[in-house]
Amino acid sequence: MEPYKREQWQAGSMLCRVVRFGEIESTNAAALSMAREGAPEGTVVLADMQTAGRGRRGRSWFSPPGCGIFLSILLRPPLPAERLSQLTLAAAVAVREAIIETIKRTGGSEQIEDPAQRYKIKWPNDIVAGGRKICGILTETVIEDMQVSGAVIGIGINVNTDSFPEDIRMLASSMRREEGCLFDREALARLLACKLAEKYALFLETGDLSAFTQTYDASMAGRGKEVRVSGPGWEREGTAEGISVDGSLLLRTRDGKIEHIISGEVSLRAIEDYI
Ligand code: BTN
């Protein structure tokens, strides 16, 4: 599958080289192979649809034509591999801001409440609204000559999506379904690139998430509530208190201790009607 257009966007201080595809297997897979061929930081792969969109934990990502954003950006931060995953949390803050600003600018007919109150980040990096997932982020490590040389951050946003397959119908939603109007995907993609560049610069200044914890915590779905966190073969329950500067979830267990959860899936369903 060949790109139909190449262009450049000035996204704040970052020059993005944007490679546009109509149909592609996965923008993440394409960005990873471009990275291995020496593509520079700021390379953005954008597609109208994906035939094999990748989700976290080996899942697929619903990527129909003409209604979503499927965007991957290549970053090459001068950081050790173990810190790269933190970029995903900074990216979640950027995506949420881009979504909220877009809704405010567009002025959906259903806007009875500030979108900032409804669009939240479900740790580590899903954007949810009304208990359903609007956006997912998948960060994949770039390996070149057996060395980690960067990260591809892949972002999928359900923008104007009208309907979802049966298996995810109860779990997924879109900006259109939540707000009752259509959105300009091109404007959102450009704003997203600016927000990502801004948050990336802030992240590099400190090398951790200290500049983000306050905003992230204020945007966290289920913060201060009872949640269940699980991973392969384990499960914990407690109160979600926020994140630490390394991106781990701070979970207060019944005995009052704070546990740092490095990876896992948060479920709010048992306590509230959230995913
Ligand atoms: C998740 O499971 O929550 C992460 C989904 C990430 C989907 C995006 S769409 C653009 C990019 N290309 C992919 O193949 N996946 C990511």
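A polar contact is taken here as a pair of N or O atoms within 3.5 Å; within protein, one atom must be able to donate a hydrogen and the other to accept it, and residues adjacent in sequence count only if both atoms are side-chain atoms. By that rule, a backbone N or O atom of Arg 56 contacts an oxygen atom of the ligand at 2.7 Å. The model is predicted: local features need pLDDT of at least 70, side-chain atom pairs count only at pLDDT 80 or more, and totals for chains, interfaces and linings use all residues. Residues are numbered from 1 along each chain as its sequence is written, and side-chain values use heavy atoms, with hydrogens and water left out.

Two side chains also reach the ligand. An N or O atom in the side chain of Thr 27 is 2.9 Å from a nitrogen atom of the ligand. A polar side-chain atom of Gln 50 lies 3.0 Å from a ligand nitrogen atom. The protein covers 99% of the 420 Å² of accessible area that the ligand has on its own. Accessible areas come from the Shrake-Rupley method with a 1.4 Å probe; for residues, only the protein chains shown count as cover. There are 20 residues around the ligand (a heavy atom within 4 Å). Of these, Ser 26, Thr 27, Arg 54, Arg 56 and Lys 133 come nearest.

The overall fold was examined next. The chain has six helices and 13 strands. These are DSSP runs, numbered from the N terminus: helices are H or I with at least four residues, strands E with at least two. The C-alpha atoms fill a box of roughly 55 × 45 × 35 Å, taken along the principal axes. The radius of gyration is 18 Å, which agrees with the value near 19 Å for a compact globule of 275 residues. That radius is taken over C-alpha atoms, and the globule rule is 2.2 Å times the number of residues to the power 0.38. Of the 275 residues, 53% count as buried. Buried means under 20% relative accessible area, exposed over 50%, and partly exposed in between (1.4 Å probe, protein chains only).

Helix α2 spans residues 86–106. Its 21 residues reach 31 Å from the first C-alpha to the last, close to the expected 30 Å. The expected span is 1.5 Å times one less than the number of residues. Of the 21 residues of α2, 16 are buried. Thr 88, in this helix, is buried because its relative accessible area is 5%. A polar atom of the Thr 88 side chain lies 3.0 Å from the backbone oxygen of Ser 85. Gly 107 follows α2 and has a positive phi, near 70°.

The largest nonpolar core holds 66 residues. Such a core is a set of buried Ala, Val, Leu, Ile, Met, Phe, Trp, Tyr and Cys residues joined through side-chain atoms within 4.5 Å. Ile 99, Trp 123 and Ile 157 touch the most other members. Helix α2 gives the most to this core, with 12 residues. Apart from it lies another core of 14 residues, including Ile 24, Val 45, Leu 74 and Val 142.

Two further sites involve charged residues by name: Lys 199 sits in helix α5 (residues 185–206), and Glu 259 in strand β12 (residues 258–261). Lys 199 is buried, with a relative accessible area of 8%. Its side chain joins that of Glu 198 in a polar contact of 3.0 Å. Glu 259 counts as partly exposed because its relative accessibility is 24%. Glu 259 and Glu 37 are 222 residues apart in sequence and 41 Å apart in space, C-alpha to C-alpha.
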